[in-house]
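Reader: Please take one helix of this model and go through it closely, together with the parts around it. I would like numbers where there are any.

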Amino acid sequence: MTALYIRELRLAVRIGGGAMMGVLFYLIVVTIFPFAIGPDLNLLSRLGPAILWIGALLATLLGLDRLFEADRDDGALDLMVASGRSLELLVVVKVAAHWTATGLPLVIAAPFLSLLLAMPADVTLATVATLLVGTPALTLLGAIGAGLTVSLRRGGLLLPILVLPFAVPVLIFGVAAATAVAYDPAAFRMPFLLTVALTLTAAAISPIATAAALRNGLD
């Protein structure tokens, strides 16, 4: 499992730029909003958590099609399915490596990008915390969509359409928790715990659903 994790990290960095491409796309999305909204710092500060979350969501969707694509092209996915090992466990390792290479850099970049939005320090810390617990849910949900579309020639176009409706609750509670800090710090707890609950639910469902989708797609 450790060897597979390291292999997936190397592939994620080599194919499509990995973390760098996701962070650059994140930067582009976040910097577009001030140009569209204008120089109102108070408005940007209020919208900051939502902007960072939307950018993270779009950047996550950008790289999901590469989750199983390389393994499908070189035949490694067929070997994984036919190996007799737990495909669900292999999915967990691949998702963990994918999030480490693409989701974690977004979380690390969020405090620096918050400076462009004039966000207060407490709101920035709350936003980073919600991204840290929420972006794994986006990757786990995206793994299900990637498994469903792995056998399709242009599955990358269909993947965001499949994943986005299920990612909306994570976005809602993540933004609600980060925004609540500016008005009532005590209100941060409930939406934050709901975000954690969504991630744990996705962690329980995603490996089983993704493994079933991969088996059906390769039959």
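Author: What follows is a close look at helix α7, then at its surroundings. The model is predicted, and every value below is computed from it.

Helix α7 covers residues 121–149, which makes 29 residues. At 1.5 Å a residue, a helix of that number of residues should span 42 Å, and the end C-alpha atoms of α7 are 41 Å apart, so the two values agree. The helix does have a bend: a kink of about 30 degrees lies at Leu-132. The proline Pro-136 follows shortly after that kink. As for its surroundings, 22 of the 29 residues of α7 are buried, so the helix is largely enclosed by the rest of the structure.

Thr-127 is one residue of α7 that can be followed in detail. Its relative accessibility is 1%, and because buried means under 20%, Thr-127 counts as buried. Leaving aside residues up to four places away in sequence, Thr-127 touches Pro-49, Leu-52, Trp-53, Met-119 and Ala-178. Of these contacts, Ala-178 falls within the range of helix α8, residues 155–180. Thr-127 and Leu-152 are 25 residues apart along the chain, and their C-alpha atoms are separated by 36 Å.

Leu-152 leads to the surface. Together with Leu-148, Leu-158, Ile-161 and Leu-162, Leu-152 makes a nonpolar surface patch of about 430 Å². Helix α8 supplies the largest share of this patch, three residues. Leu-158 lies in α8; its relative accessible area is 35%, so Leu-158 is partly exposed. Leu-148, another member of the patch, falls within the residue range of α7, 121–149.

Other contacts reach α7 from helix α9, which runs over residues 189–218. Ser-206 lies in α9 and touches Leu-140, Ala-143 and Ile-144, again not counting residues up to four places away in sequence. Those three partners have numbers inside the range of α7, 121–149. With a relative accessibility of 2%, Ser-206 counts as buried.

Helix α9 also holds Arg-215, whereas Glu-88 is in helix α6, residues 87–114. Arg-215 forms a salt bridge with Glu-88, with the closest N and O atoms 3.4 Å apart. The pair therefore ties together parts that are 127 residues apart in sequence. The count of salt bridges in the model comes to one. Both partners are partly exposed: Arg-215 has 33% relative accessibility, and Glu-88 has a relative accessible area of 23%.

Helix α6 also contains Lys-94. Lys-94 is buried, with a relative accessible area of 2%. Its contacts, not counting residues up to four places away in sequence, are Glu-8, Leu-67, Phe-68, Asp-71 and Met-80.

Between α6 and α7 there is a loop, and Ala-118 lies in it. Ala-118 has a positive phi of about 55 degrees although it is not a glycine. At 34% relative accessibility, Ala-118 counts as partly exposed, whereas Thr-127 counts as buried.

Methods
Residues are numbered from 1 along each chain as its sequence is written. This is a predicted model: local features need pLDDT of at least 70, side-chain atom pairs count only at pLDDT 80 or more; totals for chains, interfaces and linings use all residues. Side-chain values use heavy atoms; hydrogens and water are left out. Patches are made of residues with over 30% relative accessible area and no salt bridge: like charges are joined within 9 Å, nonpolar side chains (Val, Leu, Ile, Met, Phe, Trp, Tyr) within 5 Å. Accessible areas come from the Shrake-Rupley method with a 1.4 Å probe; for residues, only the protein chains shown count as cover. A salt bridge is a side-chain nitrogen of Lys or Arg within 4 Å of a carboxyl oxygen of Asp or Glu. Helices (H or I, at least four residues) and strands (E, at least two) are DSSP runs, numbered from the N terminus. Buried means under 20% relative accessible area, exposed over 50%, partly exposed in between (1.4 Å probe, protein chains only). The expected span of a helix is 1.5 Å times one less than its number of residues. The bend at a residue is the angle between axes fitted to the seven residues ending there and the seven starting there. Contact means heavy atoms within 4.5 Å.
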